[in-house]
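Colleague: Before I start using these labels myself, could you walk me through what sits behind them?
Modeller: Sure, have a look first and then ask away.

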Amino acid sequence: MGADTAAAQLAALTADRVDHRFKGLPPDAAGLTVGELAAQRRNLFTDGFTTPVLALSAERLTHNLELMETYAARHGLAFAPHGKTSMAPQLFWKQIEHGAWGITLAVPHQVRVARDFGIDRIFLANELVDAAALRWIAAELAADADFRFICYVDSLRGVELMDAALRGTPRPLDVVVELAAGEGARTGVRTEAECAAVADAVAATGTLRLVGVAGYEGEVPQADPERVHSWLHQLTALATDFDKAGRFAELDEIVVSAGGSAWFDAVADVFARIPELSLPVLKLLRSGAYVSHDDGHYRKLTPFTRIPQEGALHPAFRLWSQVVSRPSPDQAFTNAGKRDAAYDLDLPFAQVVRRDGTERPATGITVTGLSDQHSWLRTTPEADLQVGDWLAMGLSHPCTSFDKWQLIPLVEADGTVVDYVRTFF
């Protein structure tokens with residue numbers, strides 16, 4: 001599949017027609033193709049876009065892609081960013097063009113999207129036990145010698161179910177034993193002895209091939225640098241022990257994978273200390289939220305606050321809404337709500353007011369709540385806000401921002417819309 005498939009499928013996206021499916025786009029663009037609309041290079045503020053509308057900064061997106069490409073290369077890490085964040089094949093390919101080894105995903109539907117857009121290397125950060133999905137992936141592996149697929153395994157029962165679904169398939173399915181981040185953490189094998197038992201069960205099948213170990217340090221209970229480093233050392237020690245036991249004897253490389261968006265500095269630090277093993281080690285980082293970053297959760301958690309000498313990610317999303325009610329001096333409402341904005345980790349942040357082509361800081365304006373289609377604003381006396389004003393809000397948590405928008409304008413700093421990013425959730 002690969003690049004040729006991707007080019008054809010990405011081109012097909014530009015041929016899609018603009019219609020009622022896509023929020024915020026100019027009503028007079030109905031019937032145009034997405035490519036035709038992009039070629040018009042309309043201005044987000046003056047050329048018919050309606051509120052609410054989510055905008056992705058072209059410059060900040062490029063900055064974030066380049067920064068993580070540089071970071072991974074500097075630390076000797078392969079990079080498989082988590083595609084569940086955006087579920088946007090256009091962004092998957094931008095990530096690959098910026099050095100990514102492949103794309104991480106979480107569930108079978110996401111794998112189908114990635115495969116339809118030519119992604120040849122997929123890491124599934126989950127134990128896959130759905131028989132229909134396993135048979136489909138086995139067929140993909142059989143039909144495409146270049147397709148590399150790796151997924152978690154974290155239980156004897158999981159091995160049993162995977163083996164039953166895959167019997168008779170020509171290529172074994174590559175798996176990594178997932179080490180739990182601690183008692184009470186999300187998924188994964190809890191003890192080293194259980195890890196060995198799962199590895200033994202994998203080896204006893206003809207359908208699975210153990211290629212390494214993995215986990216997610218973001219689930220370490222009461223995570224702090226010491227606890228996260230300690231767990232990462234457990235993970236790399238597990239890889240070393242498995243290697244000494246000869247579990248990877250017939251491979252070309254050993255996969256060791258971790259890395260969310262809050263502790264990738266710790267991953268880089270500990271993975272740099274992996275001792276020499278019998279085979280080369282694919283040190284696979286999986287951070288995904290960086291692509292758009294945010295103005296809340298990840299802005300506070302990003303490792304770049306601990307390592308500022310390595311750079312800084314830039315929040316790339318702005319949700320533009322319009323003031324539709326100003327019932328009292330201390331209250332106002334805009335027309336964006338839970339259908340439009342992430343709210344699972346933080347409420348949106350009022351940033352900029354736009355009136356008559358002029359922007360100014362959203363001084364004295366705070367988002368205090370969201371209804372389905374309204375933002376509740378508290379305003380202090382210094383707030384200059386009128387019905388009809390556009391209000392730009394920063395968002396927290398990229399994963400629940402992308403999923404509310406099927407077609408997202410990619411906007412340059414002067415408001416020119418240069419492309420549209422399609423999502424598949």
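**Labels and what backs them**

Modeller: To start with charge, the protein chain carries 39 positive and 55 negative side chains, and the centres of the two sets are 3 Å apart. Lys and Arg count as positive, Asp and Glu as negative, while His and the chain ends are not counted. Each charge is placed at NZ of Lys, CZ of Arg, CG of Asp or CD of Glu.

Colleague: What should I know about the model itself?
Modeller: It's a predicted model, where local features need pLDDT of at least 70 and side-chain atom pairs count only at pLDDT 80 or more, though totals for chains, interfaces and linings use all residues. Residues are numbered from 1 along each chain as its sequence is written, and side-chain values use heavy atoms, with hydrogens and water left out.

Colleague: How do you know that the radius of gyration agrees with a compact globule?
Modeller: The rule is 2.2 Å times the number of residues to the power 0.38, with the radius taken over C-alpha atoms. For 425 residues that comes out near 22 Å, and the protein chain has 23 Å, so the two agree. Along the principal axes, the C-alpha atoms fill a box of roughly 70 × 45 × 35 Å.

Colleague: Why is His-293 called buried or exposed?
Modeller: Buried means under 20% relative accessible area, exposed over 50%, and partly exposed in between, using a 1.4 Å probe and protein chains only. His-293 has 4%, so it is buried. Its phi is near 55°, a positive value in a residue other than glycine. You'll find His-293 in the loop between strand 9 (281–285) and helix 11 (297–301); helices are DSSP runs of H or I with at least four residues, strands are E runs of at least two, and both are numbered from the N terminus.

Colleague: And what makes Gln-222 buried or exposed?
Modeller: Its relative accessible area is 66%, so Gln-222 is exposed. Gln-222 also has a positive phi, near 50°, and belongs to the loop between strand 7 (208–214) and helix 9 (225–244).

Colleague: Where is Leu-238, and what does it touch?
Modeller: Leu-238 is in helix 9. At 4% relative accessible area, Leu-238 is therefore buried. Leaving out residues up to four places away in sequence, Leu-238 touches Leu-179, Cys-195 and Val-213; contact means heavy atoms within 4.5 Å.

Colleague: What makes a set of residues a nonpolar core?
Modeller: The members are buried Ala, Val, Leu, Ile, Met, Phe, Trp, Tyr and Cys residues, joined through side-chain atoms within 4.5 Å. The largest such core has 122 residues, and Phe-149 and Leu-173 touch the most other members. Apart from it lies another core of 21 residues, including Phe-22, Leu-44, Phe-49 and Val-411.

Colleague: Which residues of helix 4 are buried, and what covers them?
Modeller: In helix 4 (residues 89–97), the buried ones are Pro-89, Gln-90, Leu-91, Phe-92, Trp-93 and Gln-95. Their cover includes helix 1 (2–15), helix 3 (58–74) and strand 18 (417–422). Just after helix 4, Gly-99 takes a positive phi of about 95°.

Colleague: Which peptide bond is cis, with omega near -5°?
Modeller: The one from Thr-51 to Pro-52. Pro-52 sits in the loop between helix 2 (34–39) and strand 1 (53–57).
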